[in-house]
Protein chains: 2
Amino acid sequence: MQKEHNLSKNQKIIFDLIDKSRGPMKAYSILFNVQKKGIKAPLQVYRALDKLVEIGKIHKIESRNAFIACQNSSCQISKATAFSICESCENVSEISNLKLSKYLSNFSDSSGMKYSKYNLEFFGLCKKCKSK
Amino acid sequence: MQKEHNLSKNQKIIFDLIDKSRGPMKAYSILFNVQKKGIKAPLQVYRALDKLVEIGKIHKIESRNAFIACQNSSCQISKATAFSICESCENVSEISNLKLSKYLSNFSDSSGMKYSKYNLEFFGLCKKCKSK
DNA sequence: CTTATAAATGTTATATTATTACATACTGTT
DNA sequence: AACAGTATGTAATAATATAACATTTATAAG
């Protein structure tokens, strides 16, 4: 089970916005959207984002500098993330594939390094964009 | 075989710097280091970086906004990248593991999306940092 | 309830990363 | 020589992110 986190006021405002959004949101677009709610400065946004990422409520899409709500109930998942990204329409979705996550979580190589976390981003064309 | 690319002057300067560097380099650190060679503006750096990434001579470490030289001779590899990143010393190395790359290159899910590219970043502590 | 501590907020300024726009020059064909 | 494609130079600015400091709120312990 995922640990319950009582989100603070700013965290809740920002999480709700991201959660309702269709796609990933960028920090300054978030800022613009929450200014009417009293969040005025970038740092207020980034602090909430940092916390939300930390507790796994959202993920950062590194290649896009954008944030999406976690689609996954597993508490493990914020340490083991995989996304599919359409390079045409920029649609992003979280991949939940048990085989994949097991494979990657158990991955080890000759470096002697123990991996505690990974992030995987797949790129391609989504169904819609492919048929255009 | 990898297609031969004749690097231009700026591309060569910047590739050589990254290639000699121990770890990943950031764009503005590159800029600082090549100013004595006549490269004065960020855009000159970013243009060379873009091209070098495109032809697979370097890779971008997305989570760090930094660039490292490709350690791999395969021409496929710039569409199929995996890195291990030490969260303590920030050492980064490219993983070349045939099983892993085959597994990921062949990965498909129910979304109907055909993936043409992926980037995977593993995080953890390297041997040295673990023993501290 | 009070004290202590951690977490969150507010605010200003600034650092870092990356791109737009436009003019010019080089390179390799035909 | 003319063309097309690629690379360069330069200035300005956009977009992303953090530092520093003061204050407030939440949580837990005595």
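A salt bridge is taken here as a side-chain nitrogen of Lys or Arg within 4 Å of a carboxyl oxygen of Asp or Glu. By this criterion, the side chains of A:Asp16 and A:Lys12 form a salt bridge, with N and O 2.9 Å apart. The model is predicted: local features need pLDDT of at least 70, and side-chain atom pairs count only at pLDDT 80 or more, whereas totals for chains, interfaces and linings use all residues. Residues are numbered from 1 along each chain as its sequence is written, chains are lettered from A and ligands numbered from 1 in the order in which they are written, and side-chain values use heavy atoms, with hydrogens and water left out.

Over all chains, the structure holds 8 salt bridges. Helices (H or I, at least four residues) and strands (E, at least two) are DSSP runs, numbered from the N terminus. A:Asp16 and A:Lys12 both belong to helix H1 of chain A; they are 4 residues apart, so about one helical turn separates them. Accessibility was classed by relative accessible area: buried under 20%, exposed over 50%, partly exposed in between (1.4 Å probe, protein chains only). A:Asp16 is partly exposed at 24%. A:Lys12 is also partly exposed, at 42%.

In chain B, B:Lys51 pairs with B:Glu54 in a salt bridge, and the closest N and O atoms are 3.8 Å apart. These two residues are 3 apart in helix H3 of chain B, about one helical turn. B:Lys51 is partly exposed, with a relative accessibility of 31%. B:Glu54 is exposed, at 58%. Another salt bridge joins the side chains of B:Glu90 and B:Arg64, at 2.6 Å from N to O. This pair connects distant parts of the chain, 26 residues apart. B:Glu90 sits in the loop between strand E4 (80–86) and strand E5 (92–94), and B:Arg64 in the loop between strand E2 (58–61) and strand E3 (66–69). B:Glu90 is partly exposed at 33%.

The two protein chains meet in an interface. Contact, defined as heavy atoms within 4.5 Å, involves 32 residues of chain B and 32 residues of chain A. Buried area is the accessible area (1.4 Å probe) that two parts lose on being put together, summed over both. Chains B and A bury about 2,800 Å² between them, and 62% of this lies on carbon and sulfur atoms. B:Tyr103, B:Met113 and B:Phe122 provide 20% of the area that chain B buries against chain A, more than any other three residues.

Between chain B and chain A there are 2 salt bridges. B:Glu87 forms a salt bridge with A:Lys117, with the closest N and O atoms 3.5 Å apart. A polar contact is a pair of N or O atoms within 3.5 Å; within protein, one must be able to donate a hydrogen and the other to accept it, and residues adjacent in sequence count only if both atoms are side-chain atoms. The interface has 10 residue pairs in polar contact, both residues at pLDDT 80 or more. On chain B, the elements that each supply at least two residues to the side touching chain A are E4, helix H4 (98–105), strand E6 (114–125) and helix H5 (127–130). E6(B) gives the most, with 12 residues. Ala, Val, Leu, Ile, Met, Phe, Trp, Tyr, Cys and Pro count as nonpolar, Asp, Glu, Lys and Arg as charged, and the others, Gly among them, as polar. On that basis, this side of chain B has 15 nonpolar, 8 polar and 9 charged residues.

Both DNA strands were examined next. A residue is near a strand if one of its heavy atoms lies within 4 Å of it. Around DNA strand C there are 16 residues, and A:Ser8, A:Gln44, A:Arg47, B:Lys26 and B:Lys60 come nearest. Sugar and phosphate make up 47% of the strand C atoms that come within 4 Å of the protein. A polar side-chain atom of B:Lys26 is 2.4 Å from a phosphate oxygen of strand C. The side chain of B:Tyr28 instead places an N or O atom 2.8 Å from a base nitrogen. H3(A) provides the largest share of this surface, 4 residues.

DNA strand D is also surrounded by 16 residues, the closest being A:Lys26, A:Leu43, A:Lys60, B:Gln44 and B:Arg47. Here sugar and phosphate account for 48% of the strand atoms within 4 Å of the protein. Polar side-chain atoms of A:Tyr46 and A:Lys60 lie 3.1 Å and 2.7 Å from phosphate oxygens of strand D. B:Asn10 uses a polar backbone atom, 2.9 Å from a phosphate oxygen. H3(B) gives the most to the surface near strand D, with 4 residues.
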